[in-house]
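Trainee: I would like to learn how to read a single residue and then the pockets in a structure. Could you take me through these features step by step?

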Amino acid sequence: MLTLKQRFSESSDKGWFRSLFVHKVDARKDAHSNLLSKKETSNLYKIQFHNVKPECLEAYNSLEAEVQNRLHQDQDYPCEVVGSWNTWYGEQDQAVHLWRYRGGYPALTECLKKLNNNKEYLEFQKERAKMLVSRRNQLLLEFSFWNEPLPRPGPSIYEMRTYNLKPGTMIEWGNHWARAIQYRQENNEAVGGFFSQIGDLYVVYHLWAYGSLQSREETRNSAWLKEGWDANVHYTVPLIRSMESRIMIPTTSSPLQ
């Protein structure tokens, strides 16, 4: 039987041994939204996922385009559509919209107040509701190290990669991707990178543009030939709880073509 002294010594040894493999993380001094988002802009983004009745998709796209164009061009509304797509591979009969609010939450609040008093828009909502199976949205900020999504000519297909991260890992994710994004600029494929603020939390969206599915494969394969890309993948994969890839086709009214 071990004496008290022996048990204490064994326990101390095990604790010392385990401490070699424990990562010590400094306490955060600020919210990750302040550390990772762009300081030079105050943009807030909204992403919408609309699941449409299959027989209504064409009518839905036409109706949505008409309303988007009016809001996009009306200077009284502090919002603009960044891009609109239909999912090609992924969840079928789905529309995805990305909006930008220049001015952050005050701009969002101002826009919602005006829309709630716009009878024409309220009628549009009623008509659109008849075409939908379900819908959801999130409010996002853009990563400081990603490109700002700007209108571009097509034709392109778009990939939206969605990463659900483990809580508490957003700063680590940002540290790795601030370096990794440099490997993905040669073919102008990097469109935008965002993280959620309201809705499902610890969600990251990376938006990429390619000329075709074959171009996507070649571009992604070429990243593996660059020294350092493999390390980024190695260190970020353990941060992920789940991930999803959508291939999307821009609608005719989308500024991102």
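Mentor: Let us keep in mind that this is a predicted model, and begin with one residue, D74, which sits in the loop between helix 3 (57-73) and strand 2 (80-89).

Trainee: Is D74 buried, partly exposed or exposed?

Mentor: D74 counts as partly exposed because its relative accessibility is 30%, and that value falls between the cut-offs of under 20% for buried and over 50% for exposed.

Trainee: Which backbone atom lies 2.9 Å from a polar atom of the side chain of D74?

Mentor: That atom is the backbone nitrogen of D76.

Trainee: How does one find empty space in a structure, and how much space lies in the largest pocket here?

Mentor: The general idea is that a probe the size of a water molecule is rolled over the atoms, and this shows where empty space is left. In this model, the largest pocket holds about 330 Å³ of space. It is lined by 20 residues, of which K46, Q48, Y121, Q125 and R128 are the closest to its centre.

Trainee: What kinds of residue make up the lining of the largest pocket?

Mentor: Its lining divides into 10 nonpolar, five polar and five charged residues.

Trainee: How much space lies in the second largest pocket, and which residues are closest to its centre?

Mentor: The second largest pocket has about 240 Å³ of space, and among its 16 lining residues the closest to the centre are R161, Y163, R220, W229 and V233. Helix 8 (229-236) gives the most to this lining, with four residues, and the lining as a whole divides into 11 nonpolar, two polar and three charged residues.

How values were computed
Residues are numbered from 1 along each chain as its sequence is written. This is a predicted model: local features need pLDDT of at least 70, side-chain atom pairs count only at pLDDT 80 or more; totals for chains, interfaces and linings use all residues. Side-chain values use heavy atoms; hydrogens and water are left out. Helices (H or I, at least four residues) and strands (E, at least two) are DSSP runs, numbered from the N terminus. Buried means under 20% relative accessible area, exposed over 50%, partly exposed in between (1.4 Å probe, protein chains only). A polar contact is a pair of N or O atoms within 3.5 Å; within protein, one must be able to donate a hydrogen and the other to accept it, and residues adjacent in sequence count only if both atoms are side-chain atoms. On a 1 Å grid over the protein atoms alone, a cavity is a set of points where a 1.4 Å probe fits but cannot get out, and a pocket is an open set with protein on both sides within 12 Å along at least five of seven lines; lining residues have an atom within 4 Å of a point. Grid points are joined across faces, edges and corners, and a volume is the space filled by probe spheres set on the points. Ala, Val, Leu, Ile, Met, Phe, Trp, Tyr, Cys and Pro count as nonpolar, Asp, Glu, Lys and Arg as charged, and the others, Gly among them, as polar.
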